[in-house]
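Here is a short tour for someone meeting this protein for the first time. Have a look at the model, then read on.

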Amino acid sequence: MARTPACTRALAAAAVLAVLSCREDIAAPGQCPALCPSNQVQVADTTLVGVDTSDVSIRGFVTPAEGSILVVADLDSLQGRALLRFVRPARWFPVASDTAGVTIGAVDSVTIDLRIARDTAVKNLRMLLYRLPASVDSTATFASMDPFFADSTLIDSIPLSAGDSLPVVVLHHKFLSPTGVEPFSSDSGAIGIGVGFRADTLTAVTVSSVESGASLRLKYFVHGPSATDTLRHTFDLAPRFDTFVTNPPAATPGASLLVGNLPSARSVIRFTIPGFLLDSATVVRATLVLSPTRPASGRPGETFDIEARPLVRDFGGKSITHTDTLLYSKARVTVGDTAQISLEIARMLRFWAAAGDSLPRTILLRVTPEGGTLGEVSIASRTAGARAPYLRVTYVKPYAFGVP
């Protein structure tokens, strides 16, 4: 049966009455809409200055003898020499049960292998190898080694292929005469080798150290004591010690915060964060802005990363950083850069908010790869006024309960 217009109007009126009868009129003090949250998300931006309440730089975490590179340079601003010490045994043992061994009758040939990173725009690059005292060790300085980098101690001069355009090359060289790399004493079997480079223009080169896992090897191909002896052996030697010395040496931290170079420097920044950002607001973005006090230094054209890590224990230079890499922040720097460095640390602020007061509001700044770069930045500290570290924060305000 079809509905009449009158019937339809009656049904509509009944529906309206039903809806109105479902509304609850709550008595004060909890009357709606006073309990209804606003339907507008309120986002705010703020710049926080003076949040760096304490900072410090410490140098010496990775030393040149522990790093993955050996720096060789003849720049106006930096000179560097690589120092290597090998030890060649006086005999070898063809079988495990042989306790006497076979003494070296003569050295047939000697080769050296190195992995080199260089500037491909530099022409006529040559590697120069010098004979150093067998006693060379971590006490060596640029001044103490300088007299041994002379024509009178030159072992060999090795040209790099002029047509090779690769920035990283593995150099394999056979010495014309093995006498230049004979050990000083058959008892100790030690020999020191210094590495330098020369080219048409001033340049800086890095050699991968044995700590990097690269093939830095000195090989002696020898035979037994008789001239007709068929016994042959190869001594495949990695350096017992390798390092480099520079002039000038890495700067001592002062008024500015230093990060990078070798021996590597790290900086610790301790913050005071406003309470509302950690206990009520929701942080969307938080950018830590650092102001360099001079151009970033290092090998020309080199790039490296500045990394920020939150601390779980603040012990200054021996602080313990959090192991969760998702909390870390990085910024890429190129040697010569003077622009501000921006690090996104919103995850750190949210992490601190979740952890309450159990963790220090402190971050550690370091370079990556640490020990694998000469890159260094000098950053204005908390005493630098307007150039001191500051935070730019975007956050969502707490819900404002009340009339929309």
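## Aromatic pairs

Let's start with the rings: this structure, which is a predicted model, holds three aromatic pairs. In one of them, W92 and F235, the ring centres are 6.3 Å apart and the planes stand at 80 degrees, so this pair counts as edge-to-face. W92 belongs to strand β5 (residues 91-92) and F235 to strand β14 (residues 232-237), so the pair ties together parts that lie 143 residues apart in sequence. Both W92 and F235 are buried.

Another pair brings Y130 and F149 together, with ring centres 5.0 Å apart and planes at 55 degrees, so this one is tilted. Here, too, distant parts of the chain are linked: Y130 is in strand β8, while F149 is in the loop between α2 (142-145) and β9 (154-159), 19 residues apart. Are these two rings buried or exposed? Y130 has 6% relative accessibility and counts as buried, and F149 is buried as well, with a relative accessible area of 12%.

## Charges over rings

Rings also turn up beneath charged side chains. R88 places its charged end over the ring of Y220, 4.9 Å from the ring's centre. R266 does the equivalent with F61: its charged end sits over that ring, 4.1 Å from the centre.

## The whole protein

Time to step back. The protein has 404 residues, and 45% of them are buried. Its secondary structure comes to four helices and 25 strands.

How much of the contact count comes from residues 24 or more positions apart? Among contacts with a separation of 6 or more, they account for 80%. As for the outside, the accessible surface is about 20,400 Å², and carbon and sulfur atoms contribute 55% of that.

## A strand wrapped up by its surroundings

Now pick out strand β11, residues 190-198. Eight of its nine residues are buried, so the strand is largely enclosed by the rest of the structure.

Which strands pair with β11? One is β4 (residues 79-87), joined to β11 in the antiparallel sense over six bridges; there, R85 stands opposite G192 of β11. Another is β8 (residues 126-132), also antiparallel, this time over seven bridges. In that pairing L129 has V195 of β11 as its bridge partner.

## A four-strand sheet and its helix

Elsewhere you'll find an open sheet of four strands, in the order β1-β25-β18-β22, with antiparallel pairing. Its edge strands are β1 (43-48) and β22 (341-344), each of which pairs on one side only. On average, neighbouring strands in the sheet are turned by 20 degrees against each other, ignoring direction.

Inside the sheet, β18 (residues 282-290) and β25 (residues 390-396) run antiparallel and are joined by seven bridges. At one spot along that pairing, L288 stands opposite L391 in β25. Helix α4 (residues 346-355) packs on this sheet and touches β18 and β22. The helix direction makes about 125 degrees with that of β18.

## One residue up close

To finish, zoom in on T368, which sits in strand β23 (residues 362-368). Why does T368 count as buried? Its relative accessibility is 14%, and the cut-off for buried is under 20%.

Which residues does T368 touch, leaving aside its neighbours within four places in sequence? T368 is in contact with F304, D305, E307 and K330.

Note on methods:
Residues numbered from 1 in each chain as written. Predicted model: local features only at pLDDT ≥ 70, side-chain atom pairs only at ≥ 80, totals over all residues. Heavy atoms only, no water. Helix = DSSP H or I, 4+ residues; strand = E, 2+ residues; numbered from the N terminus. Buried < 20%, exposed > 50% of the residue type's maximum accessible area, 1.4 Å probe, protein only. Contact = heavy atoms within 4.5 Å. Areas by Shrake-Rupley, 256 points an atom, 1.4 Å probe, with all protein chains shown as cover. Pairing = 2+ DSSP bridges. Axes fitted to C-alpha atoms, helices over the stretch in contact; angles between N-to-C directions. Phe/Tyr/Trp six-rings, centres within 6.5 Å; stacked < 30°, edge-to-face > 60°. Lys NZ or Arg CZ within 6 Å of the ring centre and 35° of its normal.
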